[in-house]
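Student: I have a model open and a list of labels beside it, and I would like to know where the labels come from. Could we go through some of them together?

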Amino acid sequence: MPDFQQIAILGVGLIGGSIGLAAQKRHVTDKVVGIGRNEERLARAQRQGCITEGTTDWQAGIRGADLIVVCSPVESIAPLVEQLVPFCQPGTIITDAGSTKQSIVDTLHSSESVRGRKDVYFVGSHPMAGSDKSGSDYAQADLFDKRVTIVTPVAETDRTAQASVRKFWESLGSQVLEMSPAQHDAGVALTSHLPHVIASLLAASTPETLLELTSTGWADTTRVASGDVELWRQILSTNRGHVLQTLANFEKLLTAFRASLEAGQDEHWIKLLEQGKHHRDIVGS
């Protein structure tokens, strides 16, 4: 028997489409309902096998779902969940794929509409997988394979629902880590959000007249700068404090590098390059 009789996915893009593909391939469910605003995109996602059916009527889409995964941009996740909860069947579990967690979790656990339904359960999560590409055209059934997904329970989180969400992501191939929303946001500010800012600024600092001189190093370093700007506006805005702290720490390191290079203290800046190589080699390809 599948783990879930019916999964509803709000937002069938790269992440939502990949969830649908993986859930069917791994027999987590036999029915995946995609919910979105564009009928043509939903039809394409269905042809691609990401969903078994699609609808622009979210109330119809969640009817009968025992798991709902919200894959919309981060600023819309909490409002969507608040809207959904009163119409969910008893026992429904809701999770999300948002890149920031504190604001979402805080909003939902103080929401009257959510707190009023003791038989509907929200558990925050964030799969650390993706691409600079967007849309179901780029969905992959193995996108989460051996990739980390972070689950962010709080004191109010139902432990049975938490275990179900953990098992769900593990069933898609993920390695699941559990931490508080604050720990999550501080961590990804350094490992995900800062790299995007640096890549974007590096790309922006390169004059168009010199782009023909770029090669694989520039392309590899700036790849994520191709990500959707509005999506990243929302991510950086909702994690502003942690991102500012990581920028301050990076500025100190950059200042130290520049000072040692300028002073001819080669051993100091070489040590920084060696540390960077060491950390990158640990991660591997």
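Student: Why is His-27 called exposed?

Tutor: This is a predicted model, and its computed relative accessibility for His-27 is 59%. Exposed means over 50%, so His-27 counts as exposed. You will find His-27 in the loop between H1 and strand E2 (32–35).

Student: What makes the phi of His-27 worth a look?

Tutor: The phi of His-27 is positive, about 60 degrees, although His-27 is not a glycine. Lys-146 also has a positive phi of about 60 degrees, and Lys-146 is not a glycine either. Lys-146 lies in the loop between strand E7 (125–127) and strand E8 (148–151).

Student: Is Lys-146 buried or exposed, and how do you know?

Tutor: Set its value against the cut-off again. Lys-146 has 68% relative accessibility, and over 50% means exposed, so Lys-146 counts as exposed.

Student: What about Glu-112 in helix H6 (residues 112–115), and why does it get its label?

Tutor: The relative accessible area of Glu-112 is 72%. With the cut-off for exposed at over 50%, Glu-112 is therefore exposed. Look for Glu-82 too: it is 30 residues from Glu-112 along the chain, and their C-alpha atoms are separated by 8.6 Å.

Student: Now the opposite label. Why is His-109 called buried?

Tutor: His-109, in helix H5 (residues 102–109), has a relative accessible area of 18%. Buried means under 20%, so His-109 is buried. Leaving aside neighbours within four places in sequence, His-109 is in contact with Arg-115, Phe-122, Val-154, Glu-156 and Thr-157.

Student: How do you know whether Gln-162 is buried or exposed?

Tutor: The same kind of check works here. Gln-162 has 10% relative accessibility, and under 20% means buried, so Gln-162 counts as buried. Gln-162 lies in helix H7. Beyond its neighbours within four places in sequence, Gln-162 is in contact with Val-123, Pro-153, Thr-157 and Glu-178.

Student: Which residues have the most contacts inside the largest nonpolar core?

Tutor: That core has 34 residues, and those with the most contacts inside it are Ile-7, Ile-19, Phe-144, Phe-168, Trp-169 and Leu-172. Strand E1 (7–10), helix H1 (14–25), helix H2 (39–47), strand E4 (67–70) and helix H7 (159–171) each give two or more residues to this core. H1 gives the most, with six residues.

Student: What does Phe-168 touch?

Tutor: If you do not count residues up to four places away in sequence, Phe-168 touches Phe-4, Ile-7, Ile-19, Val-28, Leu-67 and Val-69. Another core, of 26 residues, lies apart from the largest one; Val-70, Val-74, Leu-108 and Val-114 are among its residues.

Student: Why are H8 and H11 called oblique to each other?

Tutor: Helix H8 (residues 181–205) and helix H11 (residues 240–262) pack at an angle of about 55 degrees. Angles under 35 degrees count as roughly parallel and 65 to 115 as roughly perpendicular. The angle of about 55 degrees fits neither, so H8 and H11 are oblique to each other. Their axes are 8 Å apart, and H8 passes H11 in a right-handed crossing.

Student: Which residues meet there?

Tutor: In H8 they include Ala-182, Leu-190 and Val-197, and in H11 they include His-242, Leu-247 and Phe-250. By class, the contact of H8 with H11 has ten nonpolar, three polar and one charged residues.

Note on methods
Residues numbered from 1 in each chain as written. Predicted model: local features only at pLDDT ≥ 70, side-chain atom pairs only at ≥ 80, totals over all residues. Heavy atoms only, no water. Core = buried A, V, L, I, M, F, W, Y, C linked by side-chain atoms within 4.5 Å. Buried < 20%, exposed > 50% of the residue type's maximum accessible area, 1.4 Å probe, protein only. Helix = DSSP H or I, 4+ residues; strand = E, 2+ residues; numbered from the N terminus. Contact = heavy atoms within 4.5 Å. Axes fitted to C-alpha atoms, helices over the stretch in contact; angles between N-to-C directions. Parallel < 35°, antiparallel > 145°, perpendicular 65-115°, else oblique. Left-handed = near helix turned anticlockwise from the far one by under 90°. Nonpolar A, V, L, I, M, F, W, Y, C, P; charged D, E, K, R; others polar.
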